[in-house]
Structure formats: structure tokens, C-alpha cells
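Please open the model in your viewer and keep the selection tool at hand. The stops below are arranged so that each selection leads on to another.

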Amino acid sequence: APERQETWCGSNWDALGNIRFQGTGKKGSLDIYGQDHASKGRSYSSESLTRSANYAEDFLWGMLDFDDFARAFLTIFQVITLEGWTDVMYMLMDAYDPVMTGIFFVVLVWFGSFFVLNLLLAVLENNYNEQEQQMTERKERAAAEEEAREMTRQLEALSGLSDEQIGAAIDAGAGWSADFPLGDFDFEAIMAEDDDRFGAGVVRNLDEWFGWCFLDPHSDEAQDRPPWRQNLYDLVLHPKFSNFITLCILLNTAALAADHHDMEPAFEENLEIFNFIFTCIFALEMFLKIPGLGLRLYMEDNFNRFDCAIVLISIIETIGAPPSFLNPDPTASTGGGGVSALRSFRLFRVFKLAREWEAMRQLLDLIVITAIQMGNFLLLFFIFVYIYALLGMQFFAGRMHFDPQGYPVDITEGQDRGPWLEAEVPRSNFDTLVWASATIFAILTGENWNAVMYDGMRVNFVVAILYFVTLVIFGNFIVMNIFMAILLANFDELAATAGESGSSDVDEASMFDDDEGGEEEE
């Protein structure tokens with residue numbers, strides 16, 4: 001037979017790559033020239049050729065339609081997840097009446113997504129609150145029963161004993177004996193012995209110099225400050241001082257936001273000067289507060305601990321990458337890179353604004369409390385991702401390899417692996433555990449999960465439907481909504497506490513509270 005130029009275009013070839021009207025379309029069948037063109041194309045059936053017209057990415061590979069109940073169910077399910085629902089609506093508008101299609105999808109989205117899915121969240125929150133309340137009641141009941149059993153054991157042990165024996169048992173439980181009664185202890189003599197042992201002079205000097213650091217901030221001795229400390233105390237608690245620090249925080253945030261690529265040398269130098277000045281101001285604030293408030297009172301405030309960490313990071317960054325006006329050799333490297341990146345931690349100082357902003361402080365409390373309670377949820381989340389990642393690898397590993405026409409390429413071994421290795425592999429796949437876990441995580445966020453399902457359906461239609469539908473139902477609708485239920489439950493509890501106890505009690509229990517003024521109020 002003469003050599004012929006074969007092409008996929010024209011009337012001689014069908015959409016599956018087979019010569020029209022030649023052979024059966026099965027692998028190994030020969031045409032009138034004795035050539036196996038079916039092996040170069042695709043095996044087709046009575047349905048494959050009819051569906052090849054919309055087997056393209058623009059038509060969602062022909063996976064969604066209303067031709068039968070299963071496909072209609074899958075189409076409705078994807079629409080109520082709000083992922084890619086407009087593409088389905090536009091295709092149906094092109095194929096049918098645009099007005100009726102628009103009304104149908106608006107009603108479907110409004111009722112199915114906005115109402116039914118949010119109702120699911122309400123049910124999960126209610127069940128979570130009930131389970132938490134039952135767990136709390138069980139713990140309280142178990143603690144009361146244990147206390148009653150302990151009291152019963154003590155009464156049984158004391159039954160039949162004389163008053164002297166009972167008194168001796170009480171003294172023994174308190175750590176005293178008949179040889180060393182409480183009245184025989186001379187505490188002043190013991191303290192004097194300790195002073196002589198360690199050197200009375202050194203102890204007294206250390207106590208005089210640094211004892212104020214470790215005093216109980218609520219004791220009378222701590223409030224009896226020397227004049228220099230009292231002046232510092234009044235200074236750091238003065239409203240004008242707090243307003244000045246707040247203004248510096250806002251200006252520092254604006255200076256950090258002004259940093260950009262390809263700055264003018266003069267502008268960059270001025271920016272470095274401003275950043276250095278702000279670093280000195282915040283360091284001075286810390287060095288004034290520590291002796292003014294006392295170390296223990298300073299560290300009682302969570303904002304002060306947070307600010308201390310930011311100041312130390314800023315000092316390290318300044319030493320590691322000094323500004324150009326402090327560098328004796330301007331041509332030398334100033335550290336840059338990771339050291340200069342420490343400057344970005346100063347942006348977190350803006351959270352200190354929550355000290356005067358009660359609503360933000362309550363939201364920060366909610367975030368911290370929720371993060372603490374997320375341990376069990378995170379464990380459940382990782383187990384869920386791990387299980388579905390392994391299942392996905394069993395079903396789709398190495399199979400999401402597609403030729404230029406979008407058809408899956410069979411897994412081959414040896415020298416015939418060329419087409420499989422050269423095939424197009426979507427970024428979201430299940431070839432390795434890492435990629436499978438990343439794919440599952442992306443699907444749980446609801447982002448483009450339908451495109452991954454289409455790739456799976458091209459490989460294994462029925463298995464892909466069952467796998468991805470159950471993944472979205474259990475993972476997105478239930479597991480991820482459990483997090484929302486925990487968040488809402490904590491928010492309701494915080495709001496109830498604020499309503500019952502008042503704002504002052506909430507501030508005392510706040511994890512971002514302001515403890516600096518507590519001593520002054522006393």
C-alpha cells in the first residue's frame with residue numbers, strides 16, 4: 001500500500017482516532033490496507049462515539065448532565081457545594097431556555113446551599129454543645145462520687161479510735177509529730193542560720209538591689225516603693241504614656257508598610273532611621289516598665305510578655321543587620337535575608353491595640369481558647385486526611401495520566417512506558433502520599449474539588465463518584481463544620497460570660513488582659 005499522510009483532522013478519522021467505517025474499532029483489527037489503526041486510536045462502543053462530542057474540558061468532559069438519575073444527582077450535589085455551579089448553569093442555558101435555567105439554579109442554590117448546608121452546621125453545633133454538657137456533667141458526677149468514697153474511707157479509718165489517736169493522725173497528716181510541735185519552731189533562728197550559711201551581707205545586698213523583682217505585686221511590701229520606682233510606676237501607667245506608645249505602634253506599622261522594592265537611596269536611609277528610632281522607643285518602654293512595675297507584675301500581663309519578645313527580636317535584628325548609618329563600612333553586607341526578616345515580627349505589635357479595644361480583646365480570647373481546644377480536632381482531621389489519601393492512592397495512583405485527547409493512558413512496564421511517562425499528569429493527583437494528602441486537603445477546603453473528581457471519573461467512573469462524594473460529605477460537610485461548631489460554641493460561652501458577669505469579670509479572665517492597672521486600683 002502506498003504511504004499515506006495520516007492526520008486526526010478531516011472526514012477520514014473519527015473523534016477517537018480511528019478510520020471511519022473501517023474495522024470494528026477494537027484493538028488489533030485491521031483496515032482494508034492491513035494496518036492496525038484501532039491500536040493508535042481508541043476502542044469505541046455505541047456510547048463512546050456519541051459522547052465524544054462533548055468529551056472536552058470546556059464541557060466538563062461530559063460528566064454532568066440530567067440524562068439519568070445518577071448523573072442528575074451528581075450535578076445537583078456539585079451545585080449545592082457552590083463549586084463550579086455557574087459552569088453547569090451556563091451550559092444548560094446554552095442548551096435550553098436561559099430564563100427557566102436561571103430560575104432553577106437560583107432556587108437550587110438558595111435552598112440547597114444557603115439553607116440546607118447551613119442547617120447542617122446548626123445541627124452539628126447543637127449536638128456538639130449537648131455532648132460537651134454531658135461530658136462536663138459526667139466529670140462532675142465522677143469527682144463527687146470519688147470525694148464521697150474518700151470521705152467514707154477516712155471515716156472508716158477513724159472509727160473506733162480515741163480522741164488522742166485521732167489528733168495524732170491529724171498531726172501526722174499535716175506533717176507534724178509529738179517531738180516537733182508547731183510552737184517549738186523558731187523561724188527567725190532558722191532564717192538567721194540561712195543568712196550566716198550563705199553570707200548575710202551578700203543576701204542583704206542582693207535583696208536590696210533586686211528583691212523588688214520578685215516581690216508579690218499585690219503585697220503591701222511591693223506597694224511600698226522607693227521614690228524613683230514610684231515615679232516610674234506613675235509614668236508607665238499614665239494615659240498619655242499609653243497614648244504615645246499607641247501612636248508609635250501605628251507609625252511603626254506605617255513605616256514597615258512603606259518598605260518596597262527598588263527604593264530611592266535617600267528614602268531607604270530615612271526609613272532605616274525611623275525603624276531604629278521606633279526600636280529604641282519600644283526598648284525604652286520595656287526598660288521603664290520592668291523597674292517601675294516590678295518584674296513579676298510586668299510578666300503578669302500577657303501583652304508585656306509579648307512586647308518583651310518583640311523587643312528582644314528587634315534588638316537581635318538590629319545587631320545582626322545594623323542600619324547603614326551605624327555600619328562603619330557601608331560597602332559591607334548588613335546581614336539582610338533572614339536577619340532582616342525578623343523586622344516583620346514588629347507588625348504583631350499592632351495587636352497591643354486590643355488593650356484598649358475590648359471587642360478585639362474578646363475576639364483574641366476566643367481565638368486562643370479555640371486553638372487550645374483544637375487538639376482532638378486536629379488529630380481527627382489528620383487521621384481523616386491520612387485514610388482518604390491512602391484510599392485515593394489505591395484507586396487512582398498512577399492512573400491519572402492522560403493523552404493529548406484527554407483519555408487515560410494505561411500503566412505499562414519496560415520499554416513501553418514511554419506514552420505513560422510522557423502523558424499529562426494533573427497537579428492534583430494521588431501518585432504519592434504527599435501529593436495525595438495535599439489533594440485531600442485542597443478538596444476539604446472546597447477549592448476546585450470538582451475538577452479532581454472529573455479526572456477521577458475519566459479513570460474510574462463509578463469509584464470516583466463514590467469516593468469524592470463521600471469525601472465531600474464526611475470531610476467538608478461534617479469534619480470541617482465541627483471546627484465551626486467549636487468556634488461558635490466558644491463564642492456563645494464568651495458572650496454568655498460577658499452578659500452574666502459583666503465586662504470587668506471578663507477582663508480578669510481574659511488571656512489578653514491588662515494587669516498593669518490592677519495594683520493601682522487597689
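## The whole chain

Of the 522 residues in the chain, 31% are buried, and it should be kept in mind throughout that this is a predicted model. Colour by secondary structure, and the chain resolves into 22 helices and zero strands. If you compute a contact map for residues at least 6 apart in sequence, 68% of those contacts join residues at least 24 apart.

## Helix 2 against helix 19

Select residues 69-80, which form helix 2, together with residues 449-459, which form helix 19; the two pack at an angle of about 155°, and their axes lie 11 Å apart. Because angles over 145 degrees are counted as roughly antiparallel, helix 2 and helix 19 are described as roughly antiparallel to each other. To display the contact itself, show the side chains of Leu74, Phe77 and Gln78 on helix 2, and those of Trp449, Asn450, Met453, Tyr454 and Met457 on helix 19. Coloured by residue class, the residues of this contact separate into six nonpolar and two polar, with no charged residue among them.

Now centre the view on Phe77, which belongs to helix 2. With a relative accessibility of 6%, Phe77 counts as buried, since the limit for that class is under 20%. Leaving aside residues up to four places away in sequence, Phe77 touches Trp449, Val469, Val472, Ile473 and Phe477. A further distance to draw from here runs to Ser113, which is 36 residues away from Phe77 along the chain, with 9.7 Å between the two C-alpha atoms.

## The second largest pocket

Stay with helix 19 and turn on a pocket surface, looking for the second largest pocket, which holds about 520 Å³ of space. Its lining comprises 28 residues, of which Glu57, Trp61, Ala451, Asp455 and Arg458 are the closest to the centre of the pocket. Two elements, helix 18 (433-444) and helix 19, give two or more residues to this lining. Which element supplies the largest share of the lining of the second largest pocket? That share, seven residues, comes from helix 19. By class, the lining of this second largest pocket consists of twelve nonpolar, seven polar and nine charged residues.

## Helix 18 and the loop after it

Select Phe441, which lies in helix 18. Phe441 counts as partly exposed, at 47% relative accessibility. Its partner for a distance label is Phe382, which is 59 residues from Phe441 in sequence and 9.6 Å from it in space, taken C-alpha to C-alpha.

Continue to Thr445, which is placed in the loop between helix 18 and helix 19. Thr445, too, is partly exposed, with a relative accessible area of 49%. Although Thr445 and Gly475 are 30 residues apart in sequence, their C-alpha atoms are 9.2 Å apart in space.

## Two loop residues with positive phi

Most residues other than glycine have a negative phi. With that in mind, select Leu60, which is not a glycine and yet has a positive phi of about 60°. Leu60 sits in the loop between helix 1 (48-51) and helix 2. Is Leu60 buried or exposed? At 8% relative accessibility, Leu60 counts as buried.

Asp262 is the other residue to select here: Asp262 is not a glycine either, and has a positive phi of about 60°. Asp262 is found in the loop between helix 10 (239-257) and helix 11. At 65% relative accessibility, Asp262 counts as exposed, the limit for that class being over 50%.

## Last stop: helix 11

From the loop, move on to helix 11, residues 265-293, and select Glu269 within it. Glu269 has a relative accessible area of 38% and is therefore partly exposed, as the values between 20% and 50% are assigned to that class. Finally, draw a distance from Glu269 to Ser324: the two residues are 55 residues apart along the chain, while their C-alpha atoms are separated by 7.1 Å.

Terms used:
Residues are numbered from 1 along each chain as its sequence is written. This is a predicted model: local features need pLDDT of at least 70, side-chain atom pairs count only at pLDDT 80 or more; totals for chains, interfaces and linings use all residues. Side-chain values use heavy atoms; hydrogens and water are left out. Axes are lines fitted to C-alpha atoms, for helices over the stretch in contact, and angles run from 0 to 180 degrees between N-to-C directions. Helices (H or I, at least four residues) and strands (E, at least two) are DSSP runs, numbered from the N terminus. Angles under 35 degrees count as roughly parallel, over 145 as roughly antiparallel, 65 to 115 as roughly perpendicular and the rest as oblique. Contact means heavy atoms within 4.5 Å. Ala, Val, Leu, Ile, Met, Phe, Trp, Tyr, Cys and Pro count as nonpolar, Asp, Glu, Lys and Arg as charged, and the others, Gly among them, as polar. Buried means under 20% relative accessible area, exposed over 50%, partly exposed in between (1.4 Å probe, protein chains only). On a 1 Å grid over the protein atoms alone, a cavity is a set of points where a 1.4 Å probe fits but cannot get out, and a pocket is an open set with protein on both sides within 12 Å along at least five of seven lines; lining residues have an atom within 4 Å of a point. Grid points are joined across faces, edges and corners, and a volume is the space filled by probe spheres set on the points.
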